[in-house]
Amino acid sequence: MNEIKIAPSILAANPAKMGDELKKIEDAGADYVHIDIMDAHFVPNLAFSPAMVKAFKPLCKLPFDVHLMITDPKKYIPVFAEAGADIITVHQEVTEDLGEMADFIHQFGVKAGISVKPGTPVEVLEGYIDTFDLVLIMTVEPGFGGQSYIEAMNEKIAKARQMIEKTGKAIELEIDGGVTPANVATPVSYGANVAVAGSAVFNAADAAAVISEMRANAR
């Protein structure tokens, strides 16, 4: 497997210094900027708008990995694509037709991702996984940063990797929640190749050192 990609989540960044925070992770060697969009309905929190994503875009050259944790993603996919998203991930739990949703996202010229919450079996993606570019396994309950990694998700990661391998396609397998340099090796050993990390990166004195440590430990 290729080297793990690191996607710092700006949910953990200092909102008063977002330009500096984005430059920091870009200079530190991050691969993506992970942006959690929350509506206070699908998850019990609010975070980021299309206007904010559009404002962030010129401040950073990294691809924007936009995670829609909202109840009506289809309504907002066009505006987030226009705002600068490079990847748009929606949740299976609010998507009736997975294949149709993947096609809908792709028509805006961005990559399509599909996510499942901890309580949702990854088998619900069977037969549709090859229509997406990225699969996101939530390793905490979505809604808040700073939670601890749920170890029981490792088997789900392994199953998702098996499903991806059967497609023969280069679909990325992302994990989100409680990932740190100390524990990143485990989900990678089960098949993850993109790690979202919020507090571990933004709360560190040296973001570049943390990202380097995560890569080294993942190997």
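A salt bridge here is a side-chain nitrogen of Lys or Arg within 4 Å of a carboxyl oxygen of Asp or Glu. The model is predicted: local features need pLDDT of at least 70, side-chain atom pairs count only at pLDDT 80 or more, and totals for chains, interfaces and linings use all residues. Residues are numbered from 1 along each chain as its sequence is written, and side-chain values use heavy atoms, with hydrogens and water left out.

**Exercise 1.** Find how many salt bridges the rule gives, then place the one formed by Glu3.

Solution.
Step 1: The rule yields 8 salt bridges.
Step 2: The partner of Glu3 is Arg219, with 2.4 Å between the closest N and O atoms.
Step 3: Elements are DSSP runs numbered from the N terminus, helices being H or I with at least four residues and strands E with at least two. Glu3 sits in the segment before strand E1 (5–8) and Arg219 in the segment after helix H8 (207–218), so the bridge ties together parts 216 residues apart in sequence.
Step 4: Accessibility classes are buried (under 20% relative accessible area), exposed (over 50%) and partly exposed in between, using a 1.4 Å probe and protein chains only. Glu3 is partly exposed at 41%, while Arg219 is exposed at 69%.

**Exercise 2.** Describe the salt bridge between Glu172 and Lys5.

Solution.
Step 1: The closest N and O atoms of this pair are 2.6 Å apart.
Step 2: Glu172 belongs to strand E8 (residues 172–176) and Lys5 to strand E1, so distant parts of the chain, 167 residues apart, are linked.
Step 3: Glu172 is buried, at 9% relative accessible area, whereas Lys5 is partly exposed, at 27%.

**Exercise 3.** Describe the salt bridge between Asp27 and Lys23.

Solution.
Step 1: These side chains meet at 2.7 Å, N to O.
Step 2: Both residues lie in helix H1 (residues 18–27), 4 residues apart, which is about one helical turn.
Step 3: Asp27 is exposed at 55%, and Lys23 is partly exposed at 48%.

**Exercise 4.** State how many residues the largest nonpolar core has, and list what Ile88 touches.

Solution.
Step 1: A nonpolar core is a set of buried Ala, Val, Leu, Ile, Met, Phe, Trp, Tyr and Cys residues joined through side-chain atoms within 4.5 Å.
Step 2: The largest one has 70 residues, and Ile88 is among those with the most contacts inside it, as are Ile10, Val33 and Leu68.
Step 3: Counting contacts as heavy atoms within 4.5 Å, and leaving out residues up to four places away in sequence, Ile88 touches Val66, Leu68, Ile77, Phe80, Ala81, Ile105, Val110, Lys111, Ala112 and Gly113.
Step 4: Apart from this core lies another, of 9 residues, including Ala7, Ile87, Leu136 and Val140.
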